[in-house]
Amino acid sequence: MNRTPDKPLNPLNPLYYLDNFHQVLAWIAERYNDLLSAEERAFLDRFPSLPQASRALLVRMVMRKGNLFRASKLRYEEIGDTREAALPLAAQGWIDDRPVLTLDEIFSLLNKSEIAVAFGDALPSPQARKLEQLETLREKYTQARHFDAWHAGADDCVYQVQIDALCERLRLMFFGNLRQDWTEFVLSDLGIYRYEKVAFSASSRGFRMREDVDMYMHLFRCRERFEQGEAPEIILSEIPAKRLDNDWLERRRAKLLYQIAQHDERAGALTDALAIYSACSHPGARLRAIRVMERLEQFESALALAKTAQKMPEDEAERQQLMRILPRLHRKLGLPKIPALPARSVPRIDLDLPEASYSVEWLVAEHLVQDDAPVFYVENTLINSLFGLLCWNAVFAAVPGAFFHPFHAGPADLHSTDFRQRRAKEFDTCLAQLESGEYVQTINRHFAEKSGILSPFVFWDVLSEELKDLALDCIPASHLKKCFERMLRDIKANRAGFPDLIQFWPMEKHYRMIEVKGPGDRLQDNQVRWMDFCIEHGMPVSVCYVRWAGDAA
C-alpha cells in the first residue's frame, strides 16, 4: 500500500469536505433516485438551497463521531458563527438545538471541571474519576433535561443531529457497505489511498431494490446489537427465517446466523446451536453441525450428514476435516475401521538456534541466507502479488455490479463463488501468458504502471523490484500457473496458507519455499493443504522446525 502523499489537498478550498458531500449526493441522485424514500429525496432536494455555512456545519457534524455537539466545540474558520449557521438546520428539523439530555449524555459533553461546577455539593468526591462520579449521581438524577438546566452558568448550547440514520443510509448506497466512510475522500485526495479507475456506467450500482437497502440496514443493526451483548434469542427472532433472494445479502444473513450458533455452542446451548447450523448456508456450518451432533452423542445423524458432505464437499477445508471425522464416527458406532490415507512426505529441516527477541521466521531467514542464495520473508504476499499483477485486468474488469463508486480497492464480488466464472475470458487470457512467456512483461509493466494503487492481492510494501525479479527468474511459469489456478478455485480460502520464507538460487534458477515452526508450533490446516498441493505438483517446499539451542539437550 502506497502511503506517500502525492496529491495534497487544495489549500485554497477549506470546504473540500462539503464538495465531497455534494459529490456523494449527486452520485446518489443520478444512480439511486428510484430507490430513495420520500425523506431521502426531500433531503437531496433541500440541502443545496441552504446557506453554505449551514451546509458545511451539518456535514462537519455528520462526519464526526456521535450525534451530540457543543456549539463551543464547533469552531471552523470557513463556517464562521456556528450559532447563526445552525439556525436553518434547526428550522429544517435536521438538528435539535435544545435536545433533552440524560445524565450519561451530559457527562459525555462536560469535562471534570465543568462537572464540578454543574453538580457542586452533589459530588461526594470532586477528585474521583468521571465514571465513579457518574455512578454516584445516577440514583439522584434520573430525569433528562436541557443543557442549560444541567449547566446553568455555561454560555453554550448543544446540537443533536436528527438525520444521522438518513446520512448513514446515503453512505451505504454510495459505498455499498458501512465499512467505508467519508474519510475515503480525504485519504484519496492526500494520495494515501490510490484506487484503480474502472470505467463503469451510471447503471452500475450496489443495490437494485429499496428492499435490499432496508434489509442490509436491518441485518447490520442486528449484528451490532448481537456484538453489544443483546440476548441472541431476541436477535434470532428478528432475522428472516427464509433464505433471501439476493445472494449478497443472503451471505450476510447466513454469517450472522453462524455467529449466533457459535455463541450458543460455546455457551453449551447445543440443541439451539444445532438447529441454527442445520439451516445455515454459511461455509463451515455443516461441519459445526456434525461436531455438535457428536457432542450430543447423535452419532448416527452425524455419520449420515458426514457421508452426505463427503459426496460433495463445499470446499477443501471441509474435505480435510471429514477425513478426520469419519474414522472417529466409525469407531464410536463400532463400524469397520476406515484406513487412514498416507500423509505426503514433506522435506524437513531441523535447526537448533539461539532464542532471539524477534520472530522465529526472521531468525531462520538470517540463518539460511547465503551470498548466492537470498532468503525473503514473504508468507502470503509474494504469490498473491504476482497473481494480482498478472491478472490486474481481470480483477479490475468492469463486470456489472463489481464496481459502483470510485473507492473500490477490489471488486465487490471478490469472494463470490462465481468470481472467476464472471471473468472467465479475462482470466483465461491472463493465465495463457504463462504458457507463451508474455507473463514476465505483463507483470513488469503493471508493477511500474500500477505502483501504489490499492489491490486486494498486491502487497506493494513487500514486493520490491529485487524480489519480483528473482521470483520471475527462479519460479517456473508452470508452478505459478498451478498456484494461480488453485487460488481462483477459492479466493477466500486459498489466498492464505503459503509458506513463510522463500529462498532463491539465481545462478541455478531454482527456489524453495520454507514454512517455519517454532517450539510447540504446528502446521495449520490451510498450510497442510498448500504443502500437499506443492508436493503433488513437484514444487520445492519444506518445513523448518526450530528448537532453542539451550533446550536442545
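## A friendly walk through the sheets, helices and cores

Colleague: Let's start small: which residue takes a positive phi in the hairpin of β6 and β7?

Modeller: This is a predicted model, so everything here is read from predicted coordinates. The hairpin of β6 and β7 has 4 residues between its strands. The one with a positive phi, near 50°, is K509.

Colleague: In which sense do β6 and β7 pair, and which residue of β7 is the bridge partner of W505?

Modeller: The two strands are joined over 5 bridges, in the antiparallel sense. Follow W505 across to β7 and you arrive at its bridge partner, H510.

Colleague: Is β7 mostly covered, or mostly open?

Modeller: Of its 8 residues, 6 are buried. That makes β7 mostly covered.

Colleague: What is the strand order of the 5-stranded open sheet?

Modeller: Begin with β7, which pairs with β8 in the parallel sense over 5 bridges; one link there joins I514 to S542 of β8. On its other side, β7 pairs with β6 in the antiparallel sense, and the pairing of the sheet is mixed. The full order is β4-β8-β7-β6-β5.

Colleague: Which are the edge strands of that sheet?

Modeller: An edge strand here pairs on one side only. Two strands fit that description, one covering 348-353 and the other 375-377. They are β4 and β5.

Colleague: How is β4 joined to β8, and which residue is the bridge partner of D350?

Modeller: β4 and β8 (residues 541-548) run parallel, with 6 bridges between them. In β8, the partner of D350 is Y545.

Colleague: Which helix packs on this sheet, and what angle does its direction make with that of β6?

Modeller: The helix is α23, residues 465-474. It touches β5, β6 (501-505) and β7 (510-517). Its direction and that of β6 make an angle of about 65°.

Colleague: How do α21 and α24 run relative to each other?

Modeller: The axes of α21 (residues 424-436) and α24 (residues 477-489) come within 8 Å. They cross at roughly 160°. Since angles over 145 degrees count as roughly antiparallel, the helix α21 is, relative to α24, roughly antiparallel.

Colleague: How many residues of the contact of α21 with α24 are nonpolar, and how many are charged?

Modeller: From α21 come F427, L431, L434 and E435. The α24 side brings A477, L480, K481, F484, E485 and L488. None of these counts as polar; the division is 7 nonpolar and 3 charged.

Colleague: How many residues does the largest nonpolar core have, and which have the most contacts inside it?

Modeller: This core has 149 residues. Helix α1 (residues 16-32) gives the largest share, 8 residues. Those with the most contacts inside the core are F43, L382, F484 and F504.

Colleague: Which residues does L382 contact, leaving aside its neighbours within four places in sequence?

Modeller: With those neighbours set aside, the list has both leucines and other residues. L382 is in contact with L463, L467, A471, I475, I502 and F504.

Colleague: How many residues are in the second, separate core?

Modeller: Its members include L101, L110, L134 and W150. The count for this core is 16 residues.

Colleague: What is the order of the 3-stranded open sheet, and which strands stand at its edges?

Modeller: The pairing is antiparallel, and the order is β1-β3-β2. β2 pairs with β3 (residues 158-161) over 2 bridges, and I95 has V161 as its bridge partner. Each edge strand has a single partner, so one side of each is left without a neighbour in the sheet; the edges are β1 (68-70) and β2 (95-96).

Conventions: Residues are numbered from 1 along each chain as its sequence is written. This is a predicted model: local features need pLDDT of at least 70, side-chain atom pairs count only at pLDDT 80 or more; totals for chains, interfaces and linings use all residues. Side-chain values use heavy atoms; hydrogens and water are left out. Two strands pair if DSSP finds at least two bridges between them. Contact means heavy atoms within 4.5 Å. Axes are lines fitted to C-alpha atoms, for helices over the stretch in contact, and angles run from 0 to 180 degrees between N-to-C directions. Angles under 35 degrees count as roughly parallel, over 145 as roughly antiparallel, 65 to 115 as roughly perpendicular and the rest as oblique. Ala, Val, Leu, Ile, Met, Phe, Trp, Tyr, Cys and Pro count as nonpolar, Asp, Glu, Lys and Arg as charged, and the others, Gly among them, as polar. A nonpolar core is a set of buried Ala, Val, Leu, Ile, Met, Phe, Trp, Tyr and Cys residues joined through side-chain atoms within 4.5 Å. Buried means under 20% relative accessible area, exposed over 50%, partly exposed in between (1.4 Å probe, protein chains only).
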